[in-house]
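User: I should like to learn how pockets are read from a model. Please begin with the chemical character of a lining.

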Amino acid sequence: MAKTAILRARVDSEKKLAAEAVLSQLGISLGDAITLFLSQVGIQKAIPFPLTAQPRLDLSNASLEKIERRYARRTPTPETQAALNEDTRKSRRYKSSAQLLKALKA
């Protein structure tokens, strides 16, 4: 497809340089990255990544306290809450995975 449209945007020069350094390592230009972004917006009919006001938590070096604090505000859906409250003592138990698979196939 021929590239016929011109896109102009003002961006912070430090962010542009940082992005170009990463994109260079990936072997693509800033223009190619913008084209990829616009293609994904068209395909997904949305921004192709989650938008959140809360920065992503790096779980590789976060303390358990920090992780618990981050996710404490999340509430389960009614379906998940029902599953969590389900009395598992009434559930069928299997002695091996083979027995479970056999029951699933029946």
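**Pockets and their linings**

Analyst: In this predicted model, the lining of the second largest pocket divides into 8 nonpolar, no polar and 4 charged residues. Here Ala, Val, Leu, Ile, Met, Phe, Trp, Tyr, Cys and Pro count as nonpolar, Asp, Glu, Lys and Arg as charged, and the others, Gly among them, as polar. Residues are numbered from 1 along each chain as its sequence is written, and side-chain values use heavy atoms, with hydrogens and water left out. Local features need pLDDT of at least 70 and side-chain atom pairs count only at pLDDT 80 or more, while totals for chains, interfaces and linings use all residues.

User: Which helices supply at least two residues each of the lining of the second largest pocket?

Analyst: Rolling a probe the size of a water molecule over the atoms shows where empty space is left. Helix H1 (13-26) and helix H2 (30-44) each do so, and H1 gives the largest share, 4 residues. The lining includes Asp12, Lys15, Lys16 and Leu30, and the space amounts to about 310 Å³.

User: What is the volume of the largest pocket?

Analyst: It is about 360 Å³. Among its lining residues are Met1, Lys3, Gly31 and Ser39; the lining comprises 7 nonpolar, 4 polar and 1 charged.

User: Is Glu20 buried, partly exposed or exposed?

Analyst: Buried means under 20% relative accessible area, exposed over 50%, and partly exposed in between (1.4 Å probe, protein chains only). Glu20, found in helix H1, is partly exposed because its relative accessible area is 28%.

Definitions and conventions. On a 1 Å grid over the protein atoms alone, a cavity is a set of points where a 1.4 Å probe fits but cannot get out, and a pocket is an open set with protein on both sides within 12 Å along at least five of seven lines; lining residues have an atom within 4 Å of a point. Grid points are joined across faces, edges and corners, and a volume is the space filled by probe spheres set on the points.
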